[in-house]
Amino acid sequence: MNRNQFSLLLFLVVVLGIAGLVVYNKQNDVAKSGDPDIGKKLLPNLAVNDIAHISVTQGTNQLNLAKKDGTWRVRERNDYPANYSEISDFLIKVADLKVVQSERVGPSQLSRLELVPGQGTNAALELAFKDQNDKPLQSLLLGKKHVQKSKTPSPYGDMGDNGWPDGRYVKAVANSDTVAVISDPLSNVEPKPDQWLNKDFFKVEKVQSVAVAFPEATNSWKLGRESETGEWKLADAKPDEKLDSSKTASVSNPLSSPSFTDIDTTSKPEQLGLDKATVVTLDTFDHFTYTLKVGQKTNDNYPLLLTVAAQLPKERSAGKDEKAEDKDKLDKQFKEQQKKLEDKLAQEQAFQNWTYLVSSWTLDPLLKNRVQLLVEKKEEPKKDEKSAASTSEPAKLPETGSSEAK
């Protein structure tokens with residue numbers, strides 16, 4: 001390598017070094033001048049443990065989740081218990097929301113981002129947190145969802161693929177012009193009271209008898225059995241009535257794990273058909289009695305009123321061949337079981353204060369007419385049909401080898 005080549009190489013090294021330094025400084029400047037809110041918590045001062053009331057409003061729709069006697073309840077459903085785990089998860093999520101982008105937005109652009117408070121078009125979803133005295137702790141406006149579009153072309157072409165929500169535009173301070181984007185679309189946060197109800201319900205166990213009384217008495221029926229594994233029998237069966245065991249399978253373990261879709265708070269009993277209700281009575285071997293009043297089905301739901309009672313024995317009856325050394329053990333087991341049943345009774349009697357909307361697939365297996373539980377009768381042909389059948393028989397041909405043939 002001669003002197004000229006060396007000088008040229010040295011010059012190139014210096015130029016590249018200077019260029020790299022310039023790029024580094026520019027990147028460093030960009031980093032220093034970047035958005036300082038990125039990565040920070042959206043609501044850093046939210047005191048989660050002080051929250052006793054959550055208000056969700058959008059337009060004319062409203063939801064209020066509030067603590068009452070230490071229990072979260074849904075005000076729009078006559079203070080029915082709310083789903084505590086959903087509320088707890090939601091509060092933890094809100095407290096940990098982080099900003100992934102922020103920018104200043106003028107008032108004229110808020111409608112485009114659906115961040116205008118009130119009841120107008122493109123109104124924001126307003127989220128407010130309050131303490132036990134209804135004092136505001138923090139408020140938040142939830143706007144349009146941020147959508148992520150796929151970078152990979154769809155094999156089916158442009159078939160309305162608008163992407164999927166991966167975040168949401170929000171405003172943490174109402175009078176600020178700063179709009180942030182969070183990485184969670186909070187899709188389940190809506191002013192829909194039915195979505196926040198605690199759907200745990202009563203549970204019928206060890207059924208001894210099932211009786212269904214329809215407004216039209218001829219449709220009514222009652223089934224009973226002598227033991228938990230015993231055969232179901234139709235009470236007051238007529239001589240021509242035979243129970244079809246294949247049709248009783250749907251009522252052999254009724255309401256072992258029922259649920260409901262919503263609570264009715266506005267209708268009168270006569271509007272729901274509860275003034276002429278079908279009454280379902282279930283007795284169990286644990287001495288529980290469930291009485292269900294079922295109204296007229298609407299939109300695949302039945303209105304239902306529930307009453308629960310129990311005649312629990314106070315003392316245990318000793319067995320015929322019971323040994324003295326077994327008495328204490330059996331007495332202890334009896335008391336423990338009775339305590340469980342007493343707790344179950346108290347818990348289920350708390351369901352008696354509301355009118356429930358229960359899905360048809362939950363109740364339809366019970367609401368069968370009497371004839372639907374019986375073996376189908378085969379209709380005997382009528383006399384006219386019998387005579388017609390006999391006259392229509394073809395005449396017999398003479399036997400081969402008769403005397404006339406000979």
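**Strand pairing and arginine 77**

Mentor: In this predicted model, S2 and S3 pair in the antiparallel sense over 4 bridges.

Trainee: What makes S2 and S3 a pair?

Mentor: Pairing requires at least two bridges. S2 and S3 have 4 bridges, so they count as paired. In this pairing, alanine 66 stands opposite arginine 73 of S3. The S2 and S3 hairpin has 2 residues between the strands, and aspartate 69 there takes a positive phi near 55 degrees.

Trainee: How do you know that S1 and S2 pair?

Mentor: The test is again at least two bridges. Strand S1 (residues 53-58) and strand S2 (residues 61-68) have 6 bridges in the antiparallel sense, therefore they pair. Glutamine 58 has asparagine 61 in S2 as its bridge partner. S1 and S2 form a hairpin with 2 residues between them; glycine 59, in the turn, has a positive phi of about 65 degrees.

Trainee: Where is arginine 77 placed?

Mentor: Arginine 77 is in the loop between strand S3 (71-74) and strand S4 (80-81).

Trainee: Why is arginine 77 called buried?

Mentor: Buried means under 20% relative accessible area. Arginine 77 has 14%, so the term applies.

Trainee: What makes the link between the side chains of arginine 77 and aspartate 262 a polar contact?

Mentor: The distance limit for N or O atoms is 3.5 Å, with one able to donate a hydrogen and the other to accept it. The contact between the two side chains is 2.8 Å, which is within that limit.

Trainee: Leaving aside neighbours within four places in sequence, which residues is arginine 77 in contact with?

Mentor: Among them are Pro193, Leu197, Asp262 and Trp354.

Terms used
Residues numbered from 1 in each chain as written. Predicted model: local features only at pLDDT ≥ 70, side-chain atom pairs only at ≥ 80, totals over all residues. Heavy atoms only, no water. Buried < 20%, exposed > 50% of the residue type's maximum accessible area, 1.4 Å probe, protein only. Contact = heavy atoms within 4.5 Å.
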